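Got the viewer open? Here is a walk through the model, one selection at a time.

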Amino acid sequence: MRKLSILRSVPSLHRLCIAQVAYPMIKTMMLSRHLPIRDITVPLLLNFAVLTCWMADTVNNPAAAIVVNIENDAPAEIFIQVGKRRSISRVRFRVDADDVGSGNPVNGNRSIDIQLFIRAPAANPLTGFLTVDSSTPLNNGSGATIPVSEISWTSSSGDIPSDSFAGTSSQQLASFTRSVEVSDRHTFSYKNRNIYDAGTYNGQVTYTWFAP
Amino acid sequence: MNGFIKQVVTTAFLCICSSISYGVHAETGSVTSGPGGNMTSSARLKLRVIIPRFLQFQVGNAGASVDSISFQPAADAVGNGVAVPGTGGNASGGSGASVVLRSNAGQITIVADNDGGGGGLGSSGAISLSEITAHSDSSNLQTPQLSDGGATTTTATLTDGDITDRRATWSYAYKNSHPVEPGSYDAEIIYTAVSP
């Protein structure tokens with residue numbers, strides 16, 4: 001019954017695709033015991049097949065409309081991305097030998113994109129807070145350190161305003177009182193106000209995006 | 001049991017396929033919750049600052065030109081033993097030179113040499129460089145005393161660890177201890193800051 005209802009609810013091209021390709025393939029795999037015969041498997045695989053056929057149909061019929069129904073009881077969600085998606089991004093500051101501790105700021109080698117979103121039902125709105133932990137100083141591996149507060153940033157959009165790291169464990173950077181998606185780009189700068197031992201100083205800050 | 005494992009693997013595969021766009025990776029965090037639930041997600045950013053080894057030493061004005069301090073006793077005071085202040089320097093009313101020493105290269109030694117070839121001012125031996133006194137207003141950045149032979153040294157006081165960040169004014173005077181032939185007697189003092 002589940003199979004029939006799914007087939008009735010999809011367009012003809014999808015039905016053809018599922019009936020001629022997906023369903024026989026799934027049935028063959030089940031009969032050959034490559035897939036378990038369980039009630040849950042069929043609807044799951046057919047849903048997957050519907051999605052695949054819909055994508056193929058969309059490519060072939062680019063003018064087709066897509067209707068998206070958003071459920072009012074969808075779960076709340078927050079999302080954060082800082083720099084690259086799959087690894088930790090790094091910003092590097094290289095000070096010239098004739099400029100060490102001069103007070104002339106040194107720009108980082110790249111800007112960092114920061115993306116946030118928070119989504120909650122209108123009946124139960126959430127406030128999202130963005131904080132950063134910069135309490136652990138940069139160190140050169142030989143005992144010398146540079147406080148992270150020596151690094152500042154400018155914001156391209158102002159959503160997460162320009163500021164300096166405070167060198168504390170929970171510095172609040174921004175808050176948003178409704179469902180929102182934020183895209184900002186931060187350009188970092190080393191203040192270069194003091195003389196430090198020669199070396200390569202590494203460190204890390206952690207952004208926390210939370211909705212209490 | 002075998003069927004159960006297949007079902008678990010199949011379900012996991014489908015879940016992965018359907019959640020690719022919301023996958024949680026190292027620097028991406030996505031959290032869902034029911035209404036009213038606390039949600040926390042975090043992402044990290046690495047920072048690196050590269051500081052080179054360096055030594056900066058300046059006596060007098062910055063730039064390629066060499067500052068000059070002159071001492072000119074009055075005609076009725078030549079050789080009377082009363083010290084003569086200088087003119088032309090960038091500090092201490094012309095008698096001095098501002099000095100900056102900055103480094104992260106360890107203990108710095110300052111060496112004073114001269115171009116007199118051992119003959120003092122004018123290279124003739126008429127006026128020894130020991131006739132020129134030098135004084136620093138900072139005990140952390142003393143000035144080497146001048147001599148005809150050169151190679152006199154002082155050691156700057158470290159600020160912290162291998163770091164030196166000192167400033168001082170070095171002032172000079174002509175002792176005017178004895179009369180000499182009239183004329184101009186010149187010498188160039190070459191100061192060198194040396195790191196380990």
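Start by colouring chain A by confidence: this is a predicted model, and chain A averages a pLDDT of 79, with 66% of its residues scoring at least 70. Now pick out residues 1–19 of chain A, where pLDDT stays under 50 and the model has 23 contacts beyond four places in sequence. Do likewise for residues 30–43 of chain A: the pLDDT is below 50 here too, and the model gives this stretch 19 contacts beyond near neighbours in sequence. A word of caution before zooming in: where pLDDT is low, the predicted coordinates should not be read in detail.

**Chain A as a whole**

Switch to cartoon and show chain A alone. You'll find three helices and 11 strands. Trace the chain along its sequence and the helices come in a row, followed by the strands: α-α-α-β-β-β-β-β-β-β-β-β-β-β. Of its 212 residues, 27% count as buried. Turn to the contacts within chain A that have a separation of 6 or more, and 75% of them are between residues 24 or more positions apart.

**Strand β1 of chain A**

Select β1 of chain A, residues 76–82. Is this strand mostly covered or mostly uncovered? Mostly covered: six of the seven residues in β1(A) are buried. Next, add β3(A), which runs antiparallel to β1(A) and is joined to it by six bridges. To check the register, show A:Glu77 and look across to A:Arg119 in β3(A), which stands opposite.

Stay in the strand and centre on A:Ile80. Beyond its neighbours within four places in sequence, A:Ile80 has contacts that include A:Leu116, A:Tyr207 and A:Trp209. The list also crosses into the other chain, with B:Gly29, B:Ser41, B:Ser42 and B:Ala43 in contact with A:Ile80.

**The cores**

Which residues touch the most other members of the largest nonpolar core? Show A:Ile78, A:Ile80, A:Tyr207, B:Leu47 and B:Val49, out of 45 residues in that core. For the wider picture, colour the elements that give two or more residues to this core: β1, β2, β3, β4, β7, β10 and β11 of chain A, together with β2 of chain B. As background, in soluble globular proteins, nonpolar side chains tend to be buried together.

Then hop over to a second, separate core of 24 residues, whose members include B:Ala112, B:Ala134, B:Ala156 and B:Tyr172.

**Where the chains meet**

Bring both chains back. The contact takes 57 residues from chain A and 41 residues from chain B. On the chain B side, highlight α1 (2–18), β1 (28–33) and β2 (39–51), each of which supplies at least two residues. The largest share of that side comes from β2(B), with 13 residues. Colour the chain B side by class and you get 15 nonpolar, 17 polar and nine charged residues.

Keep β2(B) selected and add β2 of chain A, residues 89–94: six bridges join these two strands, which run parallel. Click A:Arg94 and look for its bridge partner in β2(B), B:Ile50. In general, strands of a sheet pair through backbone hydrogen bonds, either parallel or antiparallel.

One more stop at this boundary: B:Thr32, in strand β1 of chain B. Leaving aside neighbours within four places in sequence, B:Thr32 is in contact with A:Pro75, A:Ala76 and A:Glu77. Why does B:Thr32 count as partly exposed? Because 14 other C-beta atoms lie within 10 Å, and partly exposed covers the range between the cut-offs of 12 or fewer for exposed and 20 or more for buried.

**Chain B and its open sheet**

Hide chain A. Chain B has one helix and 10 strands, and from the N terminus on, the helix leads and the strands follow: α-β-β-β-β-β-β-β-β-β-β. Of its 196 residues, 27% count as buried. Among contacts in chain B between residues at least 6 apart in sequence, 67% join residues at least 24 apart.

For the last selection, take the open sheet of three strands in chain B, ordered β8-β6-β10 with antiparallel pairing. The edge strands are β8 (152–155) and β10 (189–194), each pairing on one side only. Neighbouring strands in this sheet are turned by 20° against each other on average, direction ignored. Finish on β6 of chain B, residues 109–114, joined to the antiparallel β10(B) by six bridges. Here, B:Asn114 stands opposite B:Ile189 in β10(B).

How values were computed
Residues are numbered from 1 along each chain as its sequence is written. Chains are lettered from A and ligands numbered from 1 in the order in which they are written. This is a predicted model: local features need pLDDT of at least 70, side-chain atom pairs count only at pLDDT 80 or more; totals for chains, interfaces and linings use all residues. Two strands pair if DSSP finds at least two bridges between them. Helices (H or I, at least four residues) and strands (E, at least two) are DSSP runs, numbered from the N terminus. Axes are lines fitted to C-alpha atoms, for helices over the stretch in contact, and angles run from 0 to 180 degrees between N-to-C directions. Two residues are in contact if their C-beta atoms, placed from the backbone, lie within 7 Å. Ala, Val, Leu, Ile, Met, Phe, Trp, Tyr, Cys and Pro count as nonpolar, Asp, Glu, Lys and Arg as charged, and the others, Gly among them, as polar. pLDDT is the predictor's confidence in each residue, from 0 to 100. A nonpolar core is a set of buried Ala, Val, Leu, Ile, Met, Phe, Trp, Tyr and Cys residues joined through C-beta atoms within 7 Å.
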